[in-house]
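Please walk through this structure with me, from the whole chain down to single residues.

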Amino acid sequence: TKVIVPVHYAGVSCEMDVLLTIARQRGIRIIEDAAQGVNAFYSGRALGSLGDLGTYSFHETKNVSCGEGGALCVNDPSLLERAEIIRDKGTNRRQFFRGQVDKYTWVDIGSSYVPSEIASAFLYGQLEQMDEITTRRQQLYHFYRTRLKPLEVEGLLRLPRIPEDCDSNFHLFYILLPDSSTRDLLLDHLKSQGIMAVFHYIPLHTSPMGLRLGGRPGSLPVTEDLSSRLLRLPLYYDLTKHDQSRVVECVSEFLSQSNVHSAVPVPALISADQEM
Ligand SMILES: *Cc1c(COP(=O)(O)O)cnc(C)c1O
C-alpha cells in the first residue's frame with residue numbers, strides 16, 4: 001500500500017485520527033478525496049488540509065461550484081513544486097515567472113489544469129458566501145431530519161448521523177431503506193410524483209474497471225449493502241419549504257402504506273448514535 005484515499009462522503013469526515021496514525025506508522029501517504037468536503041471540518045480542521053494532499057471539486061453538483069474544476073491542497077511542501085509543473089503542461093513556467101529560471105521548458109509529465117479567469121471569478125463570488133450557503137443547507141438538512149424522524153422511530157428507514165467531531169457542510173441528504181427493492185420502488189414512486197431522488201455510487205470494486213483490477217463482488221459486504229439501500233433526497237440552496245414538505249409527505253406516505261415489514265438493518269460499521 002502506497003496511498004490511502006479516504007472519501008469524505010456527504011461533507012462528513014472519515015475518522016482521520018485513525019487513518020493518519022496508521023499512515024504515519026507505516027510511511028503511507030494520504031490523499032483526501034474532499035471533493036464533497038469544501039468548508040467542512042474534522043476536530044476543527046478543514047477537510048482537505050489533513051492528508052499529504054487533498055482534492056476539492058467545484059463541479060456543478062457541489063455546494064460551491066464553477067461548473068467544472070477543482071483545487072489541489074498541497075499540505076506537504078515537498079510536493080508543491082512538482083504539482084505546479086504537472087498543472088502547467090509539465091513545464092517549469094511558474095519558476096520562470098518567479099525569476100528562478102531564465103527560460104521555461106518541458107521538464108516532467110503534465111497537462112493543462114489551470115482554471116480560467118472567468119470560471120475563477122464565478123467561483124469566487126460563491127466562496128465569499130460559503131458560510132451562508134452552508135447555513136442554508138443546514139436548515140434544509142435539519143428539516144428533513146426532524147420531519148423524517150418518526151419514520152426512523154418506526155423502523156421504516158434510517159437517517160444519516162454526523163459524529164460529534166465533524167462539522168458537516170451538509171452536501172447531501174440520504175436515507176437508508178430496509179432493502180434494495182424498497183429503495184428502488186420508492187425511487188420510482190418519487191419519480192412518478194415529479195421528485196428527482198437518486199441512488200449513489202456503485203461500489204468501485206464491482207464496476208467493470210474494478211473487476212478488471214481484481215475486485216470481487218462480495219468482498220466488501222458493508223459497502224455493497226449500503227450502496228443498494230441508499231437514496232438521496234433533493235437538497236439545493238433555493239429548495240422551497242413547500243417543495244421540501246412535499247418530498248417528506250411523499251416519502252412518508254409511501255413507507256407507511258407499503259409492505260415494508262422488515263426493520264432497517266443497522267450497518268455493522270455505523271454504530272455511533274449521536275443525534276444532531
Ligand atoms: C464530485 C466528486 C468527484 C469528482 O470531482 P470532479 O470535480 O468532477 O473531478 C470525486 N470524488 C467525489 C467523492 C465527488 O463527489
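The text below starts with the chain as a whole and then turns to particular helices and loops.

This is a predicted model. The chain holds nine helices and nine strands. Its C-alpha trace spans about 75 × 40 × 35 Å along the principal axes. Of the 276 residues, 41% are buried. The accessible surface comes to about 15,800 Å². Carbon and sulfur atoms own 56% of that surface.

Now the contacts and charges. Take the contacts between residues at least 6 apart in sequence: 62% of them join residues at least 24 apart. The chain carries 28 positive and 33 negative side chains. The centres of these two sets lie 4 Å apart.

Helix α4 is a good place to begin with the details. It covers residues 117–127, and its buried residues are A119, L123 and Q126. Seen down the axis of α4, these buried residues fall within an arc of 50 degrees, so they line one face of the helix. What sits on the face of α4 turned away from the buried side? That face carries the exposed residues E117, I118, A121 and Y124. The cover over the buried residues of α4 includes α5, which runs over 130–153.

Stay with α5. L140 is found in this helix. L140 is buried, with a relative accessible area of 1%. Which residues does L140 touch, beyond those up to four places away in sequence? They are L235, Y236, Y237, L239 and Q244. S256 is another matter of distance: L140 and S256 are 116 residues apart in sequence, and their C-alpha atoms are 23 Å apart in space.

Helix α8 spans residues 221–229. Its residues L226, S227 and R229 are buried. The elements that cover the buried residues of α8 include β8, α6 (180–192) and β9 (230–233).

Strand β8 also borders a loop worth a visit. The loop between β7 (166–167) and β8 (173–176) holds S168. F170 is found in the loop between β7 and β8, and H171 lies there too.

Start with S168. Is it buried or exposed? S168 is buried, at a relative accessible area of 8%. A polar atom of the S168 side chain lies 2.8 Å from the backbone nitrogen of F170. Setting aside residues up to four places away in sequence, S168 touches A10, G11, V12, A40, T134 and I162.

F170 is next. Its relative accessible area is 4%, and F170 is buried. Most residues other than glycine have a negative phi. Phi of F170, however, is positive, near 55 degrees.

H171 is buried as well, with a relative accessible area of 7%. With neighbours within four places in sequence left aside, H171 is in contact with A10, G11, Q36, T61, K62, N63 and R137. A10 and G11 thus appear in the contacts of S168 and in those of H171. H171 and H8 are 163 residues apart along the chain, yet their C-alpha atoms are separated by 10 Å.

A positive phi also turns up in another loop. N39 is not a glycine, but its phi is about 65 degrees. The place of N39 is between β2 (29–33) and β3 (41–42). At 13% relative accessibility, N39 counts as buried.

The last stop is N92. Where is N92 placed? It is in the loop between α2 (80–87) and α3 (93–97). N92 counts as buried at 7% relative accessibility. Leaving out residues up to four places away in sequence, N92 touches I85, V101, K103, Y104, T105 and V107. With T105 there is a polar pair: the backbone nitrogen of T105 lies 2.8 Å from a polar atom of the N92 side chain. G11, a contact of S168 and of H171, gives a reference point for N92. The C-alpha atoms of N92 and G11 are separated by 35 Å, with their positions 81 residues apart along the chain.

Conventions: Residues numbered from 1 in each chain as written. Predicted model: local features only at pLDDT ≥ 70, side-chain atom pairs only at ≥ 80, totals over all residues. Heavy atoms only, no water. Helix = DSSP H or I, 4+ residues; strand = E, 2+ residues; numbered from the N terminus. Buried < 20%, exposed > 50% of the residue type's maximum accessible area, 1.4 Å probe, protein only. Contact = heavy atoms within 4.5 Å. Areas by Shrake-Rupley, 256 points an atom, 1.4 Å probe, with all protein chains shown as cover. Lys, Arg positive; Asp, Glu negative; His and termini not counted. Charge placed at Lys NZ, Arg CZ, Asp CG, Glu CD. Arc of directions from axis to C-beta. Polar contact = N/O pair within 3.5 Å; in protein donor to acceptor, adjacent residues only side chain to side chain.
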